[in-house]
Each structure stands twice: as structure tokens, then as C-alpha cells.
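Me: I am new to this structure and would love a close look at one part of it, the empty spaces in the protein. Could you walk me through them?

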Amino acid sequence: MVYLDHSATTPLDPEVLQAMMPYLTEEFGNASSVYGLGQRARQAIDQARDEVAAFYGVVAKEVIFTSGGTEGDNFAFRGIAERNADRGRHVITSTIEHDAVLRSADALERDGFDVTRLPVDRFGLVDPQTLRKALRVDTILVSIMHANNEVGTVEPIRELVAVTREHSQAYFHTDAVQSTGKIPARVDELGVDLLSMSAHKLHGPKGVGCLIVRSGVRLEPQLHGGGHERNRRAGTENVAGIVGLAKAIGIASRDLAKNTAHLTALRDRLIKGVLERIPGSELTGHPQQRLPHHASFLFAGVEGESLLLQLDMEGIAASSGSACTSGSLEASHVILALGFPRERALGSLRLSVGKGNTDADIGLVLDRLPKMVARLRAMAPSAA
Ligand SMILES: *Cc1c(COP(=O)(O)O)cnc(C)c1O
């Protein structure tokens, strides 16, 4: 199998599994217990927290471990809104966010908050001047993703933060699930107040992530129970998951230069090859300001979903932004937000490479994909 869907999830790194193994077996203690077994679990969590904090350029107490990106995004929205409603009830986000952010914004709207969803340009960029105009005295939260999962565009977070600081009191949250481990994502350098991430997008385990919350940020806990995570997120810690998360971050950070060179070379060959060999194809997202492992396209006259099935028959795993809901094909909200009409948007395909991919994998795709597109077009002569 040729796995080209690393923006959906990644295989667990064997080094990460090795680091987790003791905590899935004999080191099973509850980190709140006083005896040695419990205290060793506590030490493992403390060490992981220090490593994650160092990676993001924050201090240990600013790291809250969560169950992943979805929880981090929900926590940021709910936690900020509930605790800061006395200062205002206006939230700003963008039209190309992950559903975890978009649906969190919808939920706040149902509770009487005002939500502004900023448009993006045809490359998926949020313009800082557009944000500036949307900021109000009652804006309490701005949430713009660091990098987009469907089109790979990297947002100008530092500029967006600067504009937010200059014109409002609002906290700034960024969803860094796609960017962490792929491009520098230090919280101190980006200047954000909150950042969410997830381990399984960088060769860590599923079901664990963290929300970074800078000191002084007023955030209402969402899970009530014991005093875990400094009373901010109750629940017995996922010790093995947390250890795995820190290990995955450590490896990504250690190998960043090597991985970036490898991924970028594969991605660029893929993009160049697809655009050259397939007429009626175009790149989506920003040509330069994009994730190093991310290639996304639109093919005229073809449905991305049909391409996925063809690719699957050849053992190639990829994704399209469209979703099949109740029998009809729904175009990706991200591609639509870039300004493409629905028919065009349905022809989207995302190929996201990983450190385990080889030149031969790319060669296979570049050999098969043009034939598949041609075959599908021949089967649907009425399509544009
Ligand atoms: C995958 C993803 C999420 C969700 O993270 P989970 O850990 O799978 O819940 C959120 N945001 C972005 C941008 C993602 O790619």
C-alpha cells in the first residue's frame, strides 16, 4: 500500500511505541497515587510536559493535555467564551477552519454570541486588514488556524496576532494540528495565547493532544472532576498517550531539517508531475506558503470521490475534501471558500506525503493518476 493521507493521520513511529510500552504494561500506575508506581507515572507526565513546553517555547504549567485536536479547539472556544462573556460576546474565526472550530463557533452562536467568519483569498489566506476591520471592542476571541488541512496554506499568524493586539483585547487561538512538527510552531514566536495540537498527525498515538494556554488567560474548565491538569481538565491522565505525544514531538523536532527536505522534494515532484501530466488540473492552496508535505488539486470534469476509489484499487490511499452525506456529494467548505463553484470543488484530491514515502511511491501515482483521470472523464462525457 502507498499511504498518501498523512494529513488525516500518520502511522505510529516505532520509537514512539517503544517509549509508550512500559506505560501500557507494567508501569500502569495512576499518577495521583502516592506509592512508587503512581509517582513514576507522575514523573513521566512531568517530563513529557517539560518537553512539550520547551518545544513550544512556553513553561510547563501552560500545557494542558487533552484527548486531541477536537477537544483542544472546543475547549478554547467554550472555555474562553464562558469565562470572558463579561468582557464581550463577539468571536472571530475564518471560513476555512476545521470542523472542530467551525462547529464550536456555531455552538457559541446558538448561545447568543456573535460570530464573524472571515473570508479568505483564492489561495486560502486570511488578510490581516480584513481581520482588523472585523475586530470590535467586544471581541473576546480570534481563532485562525496555523495551517489548513485541506489545501495546506500556512496563515500569517504573527501578522494576524499583531493586528489583534493593536486593535482589541481579544485572545488569539490557533489550531496548529497540521503545522506542529512540519514547520516551526513555537507559541512564543507566533505570539498566540492558545494553541491546540494532536499527536496522531505527527506519528504519535490517537486520542491525545494538548492545548497550550498562556499564563493569565481566563479559561473556564469544561471537564469537572478531580484536580488534574491544575484544575483545568479533570480525568485520570492518559500516561502512555502523553509520553507518546512528547516522544513524537521530540522526534519531529530532532529530524525537522531532514524531514522537511525529504517531504518537500516528494511534494514538489508530485505537484510538478500532476500539473504537467494531467490537463485541466490545478493546485489548490498557496503555491509557496504551504505545508511541506501537502499537495492538493482540482481536476476538471472528475469527482474526487471517484478518483479515491480508483486509487484505492491500486493500493493508494488519498483523500478528497468532499463528503458523502445522505447519498449526495457535498463539496468541501474550504474549496468553496477559495471561490470555486460546486462542480469544480467536487473534483478535489489531497495527497499528503510522510517521512516513510519514497520516490517510487510518487512515481507510481504519477504513472496511474493521469490514466485514472482520463478514464473517468471518458466515462462522463457530459461533464465539463
Ligand atoms: C485532524 C485535525 C483536527 C482534529 O484533531 P483530532 O485529534 O483528530 O480530534 C483539528 N484540526 C485540524 C486542522 C486537523 O487537521
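Reply:

**Pocket and cavity**

Happy to help! In this predicted model, the largest pocket has a volume of about 450 Å³. It is lined by 23 residues, and those closest to the centre of the pocket are Asp 99, Glu 150, Ser 320, Gly 321 and His 333. If you sort the lining of the largest pocket by class, you get seven nonpolar residues, 11 polar ones and five charged ones.

Where along the chain do these residues come from? At least two residues of the pocket lining are supplied by each of β10 (294-299), β12 (323-325), α12 (333-337) and β14 (348-352). On the scale of domains, domain 1 (14-254) and domain 2 (256-383) each contribute at least three residues to the lining of this pocket.

Now for the enclosed space. Rolling a probe the size of a water molecule over the atoms shows where empty space is left. Searching the whole structure turns up one cavity of 30 Å³ or more. The largest cavity has a volume of about 170 Å³. Its lining is made of 16 residues, with Gly 181, Lys 182, His 203, Asn 259 and Lys 355 nearest the centre. Two elements, α9 (239-254) and α10 (256-277), give two or more residues to this lining. Of the elements, α10 gives the most, with four residues. By class, seven of the residues lining the largest cavity are nonpolar, six are polar and three are charged.

Why can we say where this cavity sits relative to the domains? Domain 1 (14-254) and domain 2 (256-383) both give residues to the lining of the largest cavity, so the cavity lies between them.

Helix α9, one of the elements that line the cavity, is also worth following to another contact. Arg 254 in helix α9 pairs with Glu 15 in helix α1, and this links distant parts of the chain, 239 residues apart. The pair is a salt bridge, and the closest N and O atoms of Arg 254 and Glu 15 are 3.0 Å apart. In total, the count comes to 28 salt bridges.

Helix α1 (residues 14-24) brings us out to the surface, and Leu 24 lies in this helix. Together with Leu 12, Leu 17 and Met 21, Leu 24 makes a nonpolar surface patch of about 330 Å².

Note on methods. Residues numbered from 1 in each chain as written. Predicted model: local features only at pLDDT ≥ 70, side-chain atom pairs only at ≥ 80, totals over all residues. Heavy atoms only, no water. Patch = residues over 30% accessible without salt bridge, like charges linked within 9 Å, V, L, I, M, F, W, Y side chains within 5 Å. Areas by Shrake-Rupley, 256 points an atom, 1.4 Å probe, with all protein chains shown as cover. Salt bridge = Lys/Arg side-chain N within 4 Å of Asp/Glu carboxyl O. 1 Å grid on protein atoms, 1.4 Å probe; cavity = no way out; pocket = protein on both sides within 12 Å on 5 of 7 lines; lining within 4 Å. Points joined across faces, edges and corners; volume = space filled by probe spheres on them. Nonpolar A, V, L, I, M, F, W, Y, C, P; charged D, E, K, R; others polar. Domains from an automatic or database assignment.
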